[in-house]
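I opened this notebook to record what I looked up, entry by entry, and in what order I looked. Loops come before the sheet, and side-chain pairs come at the end.

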Amino acid sequence: MEVENKKISGEKEIVEKATNEAIEASAQAAKEKEEADKAFAEAEPAKIAAKADAENIKKDDLEKFKNPNNPSRNNFLIFKLMYLIFNPEDKVPGDDIKKELPNIKNKCLNQSADQIKQKMIGRLDNVNWITPEFLEKVKMYRQHPYTDLKEMEKISGACKGVVGYFHNLVRYKELYDIVDPLMKKSQQAAATASAAMAKKEELEKKLEIVSGTQRKLQKEYDDSKAKLDKVQAEQNSLLAKLATAEKFIGLLADNNERWKKEVERLKSDQKNIAGDCLLGSSFVSYIGVFNSFFREKLIEKWKSIIVGKDIAVTDNIDIVHTLTTEADILKMKAEGLPSDPFSTENAVIITQCTRYPLIIDPQMQAIAWLKNRQNKKTLVQYKQPKWDQIIGEAISTGEDIIIEDVDQEIDPLLAPIMGKQTTNKDKGKAQIRVGSNDYVFNPKTNIFFLTKISNPHYKPEIVAQCTLINFIVTEKGLEDQLLAMVVNIEQPELEESIRKYVTEINELEAELINKEDDVLRKLSDADEATILDNIELINS
């Protein structure tokens with residue numbers, strides 16, 4: 001194996017070197033081609049323009065231009081230009097029109113207009129005839145007035161076409177002199193790259209033959225090693241499972257007593273679940289409008305009624321924790337919810353009610369909390385311009401909608417929203433009317449109506465459609481807020497530290513609750529046969 005590996009390593013080095021040479025040659029060829037293509041792209045428009053100039057000369061203009069036996073001086077000068085284009089090696093005709101015209105016509109103009117135009121176009125196929133000597137002969141035509149096509153058009157349309165063709169012809173020659181060597185260089189680079197690639201492929205074939213023998217020997221070696229590795233792996237697995245089992249038992253033992261007590265509590269809760277749920281649903285549906293004093297009275301009254309119907313209810317029930325979890329409460333406080341129990345009750349009602357909440361919020365505590373929530377939200381001032389369109393579009397996307405400054409007299413246009421009055425008009429999709437338009441109703445939408453009026457009197461149908469919630473600040477809540485303001489003024493760094501520590505404690509407690517729930521769920525879902533292989537569960 002070692003001899004074969006050395007042999008293959010040598011061959012691989014040769015192939016790698018040939019490959020690198022081929023890559024470099026290909027890259028150089030691509031670079032040369034790119035330069036040539038770029039130069040060609042700059043030259044080609046001049047050739048196209050020259051061809052267009054020739055093609056666009058009107059047949060009648062050209063016939064009139066070439067036929068006179070006594071042409072004007074200006075026409076004769078253009079005759080000389082055409083003569084030199086068709087006969088670039090001849091000397092420049094003299095200025096005696098009568099003497100020179102027969103020779104010019106014989107060699108240049110005694111053809112049909114179509115033949116002249118085709119001959120002009122044909123001169124573009126190979127422009128190597130445009131030499132420095134030729135350019136010296138025609139240098140006067142590269143100066144004013146021949147550079148002004150409007151002046152040439154005054155002489156005749158044919159003069160304009162011939163002079164325009166001439167200028168584009170010369171421009172094409174100048175660019176062609178740049179393109180031609182680049183094209184030759186590109187072709188040479190492509191040939192070099194092709195030869196390098198052929199050499200590489202030949203060496204790769206040779207390497208493949210040598211590699212075949214090495215692969216056979218390697219397979220035999222790998223099969224033997226695999227058997228050894230399998231035995232070792234099984235041994236290591238058994239040892240690891242033994243260690244894991246010991247660790248797992250130790251970890252579970254720490255929580256054993258606490259979980260036993262939790263199971264007993266849950267069994268007790270199971271007996272009272274019907275009564276607790278009945279009391280909780282009543283709490284969410286009807287109690288939001290009252291202050292703390294009346295809430296306590298109503299809860300005691302409801303409990304006595306439920307117990308009177310022989311329905312078990314938990315003694316000293318904490319309705320807030322019946323309806324939500326400690327983690328959710330901590331999260332709401334971290335979002336800016338006041339920490340007093342009354343505000344917590346209101347937040348639980350807001351998050352659990354199925355009817356949209358109408359919140360009495362003169363101190364703007366509720367809206368401050370709602371704005372800090374992480375959900376995507378849309379804020380709408382009641383009766384702001386196009387408020388109905390803003391609400392309708394937000395309902396379609398499923399965003400939270402906060403409608404501020406709701407009046408005591410609520411616009412009838414809001415009635416379909418408050419009552420969730422939907423129809424199925426659009427291919428079975430629920431729609432709701434907002435203002436004069438229908439919008440697709442997204443059931444994930446949460447809408448919060450807020451009023452600053454401290455003692456509003458709404459119509460019975462409004463109260464029936466919404467969950468009315470009294471968020472007026474309590475004495476305890478006000479004390480907490482005033483204390484925080486005083487501390488913030490006197491010792492702002494202390495207030496910031498308190499806020500930081502409360503946030504950290506809330507986050508850690510919430511994380512602890514979530515992780516414990518996650519561990520119990522994973523233990524419940526785990527397969528007994530493979531539980532010791534579930535490293536994620538054990539680490540959690």
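**Loops and unusual backbone angles**

I began with asparagine 316, which at a relative accessible area of 73% counts as exposed, since the cut-off for that class is over 50%. The model I am reading is a predicted one, and I keep that in mind for every entry below. I located asparagine 316 in the loop that runs between helix 9 (292–308) and helix 10 (319–323). I then checked its backbone and found a positive phi of about 50°, although the residue is not a glycine. I noted this angle because most residues other than glycine have a negative phi.

I looked next at methionine 364, which also is not a glycine and has a positive phi, here of about 60°. Methionine 364 belongs to the loop between strand 1 and helix 13, and with a relative accessible area of 35% it is partly exposed.

I also went through the peptide bonds, and noted that the one joining histidine 144 and proline 145 is cis, with omega at about 15°. Proline 145 is part of the loop between helix 6 (132–137) and helix 7 (149–155).

**Overall make-up**

I then stepped back to the whole chain, for which I noted 19 helices and eight strands. I read that 36% of the 540 residues count as buried. Among the contacts with a separation of 6 or more, I found that 72% are between residues 24 or more positions apart.

**The open sheet**

I traced an open sheet of five strands in the order 2-3-7-1-8, with parallel pairing. Strand 2 (377–381) and strand 8 (467–470) are its edge strands, each of them pairing on one side only. From one strand to the next, I read an average twist of 20°. I followed the pairing of strand 2 with strand 3 (residues 400–404) in detail: the two run parallel and are joined by five bridges, and valine 380 stands opposite isoleucine 403 of strand 3.

I asked what packs on this sheet, and noted that helix 13 (residues 365–372) does so, touching strand 1 (357–360), strand 2, strand 3 and strand 7 (446–451), with a direction that makes about 155° with that of strand 3.

**Helix 14**

I turned to helix 14 (residues 387–397), which lies across strand 2, strand 3 and strand 7 and runs at about 165° to strand 2. Which residues of helix 14 are buried? I listed Trp387, Ile391, Gly392, Ala394 and Ile395. These buried residues span an arc of only 165° around the axis, and they therefore lie on the same side of helix 14. I set beside this the general point that an α-helix has 3.6 residues a turn, so residues three or four places apart point the same way. I looked up what covers the buried residues of helix 14, and found that the cover includes strand 2, strand 3, helix 15 (415–418), strand 5, strand 6 and strand 7. After helix 14 comes glycine 398, with a positive phi near 80°.

**The hairpin**

Since strand 5 and strand 6 appear in that cover, I examined how they pair, and found strand 5 (residues 429–434) antiparallel to strand 6 (residues 437–440), with four bridges joining them. The two strands form a hairpin with two residues between them, and glycine 435, in the turn, has a positive phi of about 70°. Valine 434 has asparagine 437 of strand 6 as its bridge partner.

**Threonine 344**

I picked out threonine 344, which is found in helix 12 (residues 341–352). With a relative accessible area of 7%, threonine 344 is buried, because it falls under the 20% cut-off. Leaving aside residues up to four places away in sequence, I noted that threonine 344 touches Val320, Ile329, Lys333, Leu337, Pro338 and Ser339.

**Aromatic rings**

I closed with the rings, and noted six aromatic pairs in the structure. In the pair of phenylalanine 290 and phenylalanine 294, the ring centres are 6.5 Å apart and the planes stand at 50°, so I entered the pair as tilted. Phenylalanine 290 is partly exposed at 32% relative accessibility, and phenylalanine 294 is partly exposed at 45%. I recorded Tyr141, Tyr146 and Phe166 as one aromatic cluster.

I also looked for charges over rings, and found lysine 119 over the face of phenylalanine 86, at 4.7 Å from the ring centre. The charged end of arginine 123 sits over the ring of tryptophan 129, at 4.0 Å from its centre.

Definitions and conventions. Residues numbered from 1 in each chain as written. Heavy atoms only, no water. Pairing = 2+ DSSP bridges. Phe/Tyr/Trp six-rings, centres within 6.5 Å; stacked < 30°, edge-to-face > 60°. Buried < 20%, exposed > 50% of the residue type's maximum accessible area, 1.4 Å probe, protein only. Lys NZ or Arg CZ within 6 Å of the ring centre and 35° of its normal. Axes fitted to C-alpha atoms, helices over the stretch in contact; angles between N-to-C directions. Contact = heavy atoms within 4.5 Å. Arc of directions from axis to C-beta.
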